[in-house]
Amino acid sequence: MITSVSPDKAEISTVDALWVLIQSQTKAVRKALTERLIAEQNKTKTQQKMVKESLERAFDELQSGNVHHDARNLFSK
């Protein structure tokens, strides 16, 4: 009787697989990827800051009773 044993499937997380792929790239490619990631992070932070400021302004206006019923004018200064 012949029996076969299947090898254990080595599971690797998506992040680990991506990390291995990135490490195998040239220094120039890794630098370009880093620059893109930083730029994307800065863009996200800028958007978060804008949303925070808009919400703070909206709550301040609500508390002071200065509510804009026309949403088109909500972001005008």
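1. Helix α2 has 38 residues, and from its first C-alpha to its last it reaches 55 Å. That span is close to the 56 Å expected at 1.5 Å a residue. The helix covers residues 27-64. The model under discussion is a predicted one, and the remarks below should be read accordingly.

2. As to the fold overall, the chain contains two helices and zero strands. Just after α2, G65 takes a positive phi of about 85 degrees.

3. On exposure, 1% of the 77 residues of the chain count as buried. The accessible surface of the chain comes to about 7,800 Å². Carbon and sulfur atoms account for 59% of that surface.

4. A nonpolar patch on the surface deserves attention. The patch is formed by V51, L55, F59, L62 and V67, which together have about 460 Å² of accessible area. One of these residues, F59, has its place in helix α2.

5. The count of salt bridges comes to two. In one of them, the side chains of E56 and K52 meet, with an N to O distance of 3.9 Å. The pair falls within the cut-off, because a salt bridge requires a side-chain nitrogen of Lys or Arg within 4 Å of a carboxyl oxygen of Asp or Glu. E56 and K52 are four residues apart in helix α2, so about one helical turn separates them. The spacing matters for a general reason: an α-helix has 3.6 residues a turn, so residues three or four places apart point the same way.

6. The two partners of this bridge fall into separate exposure classes. E56 has 40% relative accessibility and therefore counts as partly exposed. K52, at 51% relative accessibility, counts as exposed; the cut-off for that class is over 50%.

7. In another salt bridge, the side chains of E61 and R57 meet at 3.2 Å, N to O. Both residues lie in helix α2, and they are four residues apart, about one turn of the helix.

8. Is E61 buried or exposed? E61 is buried, because its relative accessible area is 13% and the class takes in values under 20%. Its partner R57 has 28% relative accessibility and so counts as partly exposed.

9. To draw the points on α2 together: the helix of 38 residues holds the pair E56 and K52 as well as the pair E61 and R57. F59, a member of the nonpolar patch, also has its place in this helix.

How values were computed: Residues numbered from 1 in each chain as written. Predicted model: local features only at pLDDT ≥ 70, side-chain atom pairs only at ≥ 80, totals over all residues. Heavy atoms only, no water. Buried < 20%, exposed > 50% of the residue type's maximum accessible area, 1.4 Å probe, protein only. Areas by Shrake-Rupley, 256 points an atom, 1.4 Å probe, with all protein chains shown as cover. Patch = residues over 30% accessible without salt bridge, like charges linked within 9 Å, V, L, I, M, F, W, Y side chains within 5 Å. Expected span 1.5 Å × (residues − 1).
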